[in-house]
Amino acid sequence: MTTPILDQLTAHCQALRLHRVGPLLPTLLEQAAQQELSYSDFLATVLATEAAAKQEKSQAMRIQMARFPFQKSLDGFDFKAQPSIDPKVIRELATMRFVAHGGNVLFLGPPGVGKTHLSVALGLEACRQGLRVMFMTAAALITTLGKALHENRLEERLKLLTQPKLLIIDEIGYIPIDRQGANLFFQLVSRRYERGAILLTSNQSLGQWGEVFGDPVIAGAILDRLLHHATTVNTKGDSFRLREKRKAGLLKLNSTPGEGPA
Ligand SMILES: Nc1ncnc2c1ncn2[C@@H]1O[C@H](COP(=O)(O)OP(=O)(O)OP(=O)(O)O)[C@@H](O)[C@H]1O
Ligand SMILES: [Mg+2]
């Protein structure tokens with residue numbers, strides 16, 4: 001049922017872009033009458049409804065802008081299947097205190113042990129807590145920086161990459177990085193040092209980063225900055241991806257991809 005006053009209220013809601021409250025007005029008014037709410041309680045309900053909608057919307061926007069490759073949660077991570085990771089450490093990281101302090105996180109370990117899963121889950125948590133996040137693979141990051149250098153826009157690109165409170169760099173070590181790439185990566189890490197948090201994953205132990213970056217001196221300088229305020233999580237074990245196959249006896253225990261029938 002519409003009444004002139006309801007039409008007027010709906011029009012005000014549209015003009016003020018109160019998109020959640022507008023269509024709910026008849027219900028909210030009816031509930032207020034039934035529960036005999038005070039003016040202040042009614043107003044609080046209306047404003048809380050719209051505030052929740054706005055928060056959901058900006059959270060969804062942050063998640064979209066972060067460009068996660070998929071969405072996985074901490075709840076969906078089976079800690080029993082990954083005993084090398086202490087759940088307490090992950091729970092502490094999920095508070096995002098490290099982001100507030102401009103600290104870093106390194107997930108190291110072989111393929112399929114949950115490094116990207118946990119990075120995405122922590123990234124999503126950061127978005128939920130209102131933080132700006134960006135997710136990139138190391139390969140995409142180096143390509144972007146190289147392109148920016150070529151186009152004389154490196155400064156602009158570095159500035160953009162210092163804006164997110166949390167920058168997630170996935171898969172360091174799978175693709176070799178040339179001297180220019182290493183140099184650009186160093187510049188980025190140096191810009192964010194003690195200012196913006198970096199969470200990165202690598203299949204290579206830190207001792208091998210000299211080879212990953214093709215230069216032990218640059219790798220040393222990168223690690224020096226990254227590790228100054230860092231939590232390092234060493235993940236071990238067999239690939240979760242091949243677990244089902246292993247269970248079915250299709251792969252030998254401890255086999256790595258390529259060794260057995262896939
Ligand atoms: N402990 C776990 N509980 C639930 N799912 C897991 C667990 N570990 C891994 N997975 C799942 O296994 C798959 C592989 O994990 P993920 O992509 O995180 O591996 P990774 O360590 O990043 O490997 P890579 O180095 O090859 O990129 C994903 O689908 C992930 O959700
Ligand atoms: Mg991964």
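Visitor: In this predicted model, where does Met-96 lie, and is Met-96 buried, partly exposed or exposed?
Guide: Met-96 lies in the loop between α4 (87-94) and α5 (97-100). Around Met-96 there are 19 other C-beta atoms within 10 Å, while a buried residue would need 20 or more and an exposed one 12 or fewer. Because the count of 19 falls between these cut-offs, Met-96 is partly exposed.

Visitor: Which sign does the phi of Glu-36 have?
Guide: Glu-36 has its place in the loop between α2 (21-34) and α3 (39-66), and it is exposed, with 8 other C-beta atoms within 10 Å. Most residues other than glycine have a negative phi. Glu-36 is a residue other than glycine, yet its phi is near 50°, and the sign is therefore positive.

Visitor: Which helix gives the most residues to the shell around ligand 1?
Guide: The shell around ligand 1 holds 17 residues, of which Pro-111, Gly-114, Lys-115, Thr-116 and Phe-240 come nearest. By kind, the shell divides into 5 nonpolar, 7 polar and 5 charged residues. With 3 residues in this shell, the helix that gives the most is α6 (residues 115-128).

Visitor: Which helix gives the most to the largest nonpolar core?
Guide: The largest nonpolar core has 49 residues, and those that touch the most other members are Val-133, Leu-166, Ile-168, Ile-169, Phe-185, Ile-198 and Leu-199. With 7 residues in this core, the helix that gives the most is α6.

Key:
Residues are numbered from 1 along each chain as its sequence is written. Chains are lettered from A and ligands numbered from 1 in the order in which they are written. This is a predicted model: local features need pLDDT of at least 70, side-chain atom pairs count only at pLDDT 80 or more; totals for chains, interfaces and linings use all residues. Helices (H or I, at least four residues) and strands (E, at least two) are DSSP runs, numbered from the N terminus. A residue is near a molecule or strand if its C-beta atom, placed from the backbone, lies within 6 Å of it. Ala, Val, Leu, Ile, Met, Phe, Trp, Tyr, Cys and Pro count as nonpolar, Asp, Glu, Lys and Arg as charged, and the others, Gly among them, as polar. A nonpolar core is a set of buried Ala, Val, Leu, Ile, Met, Phe, Trp, Tyr and Cys residues joined through C-beta atoms within 7 Å.
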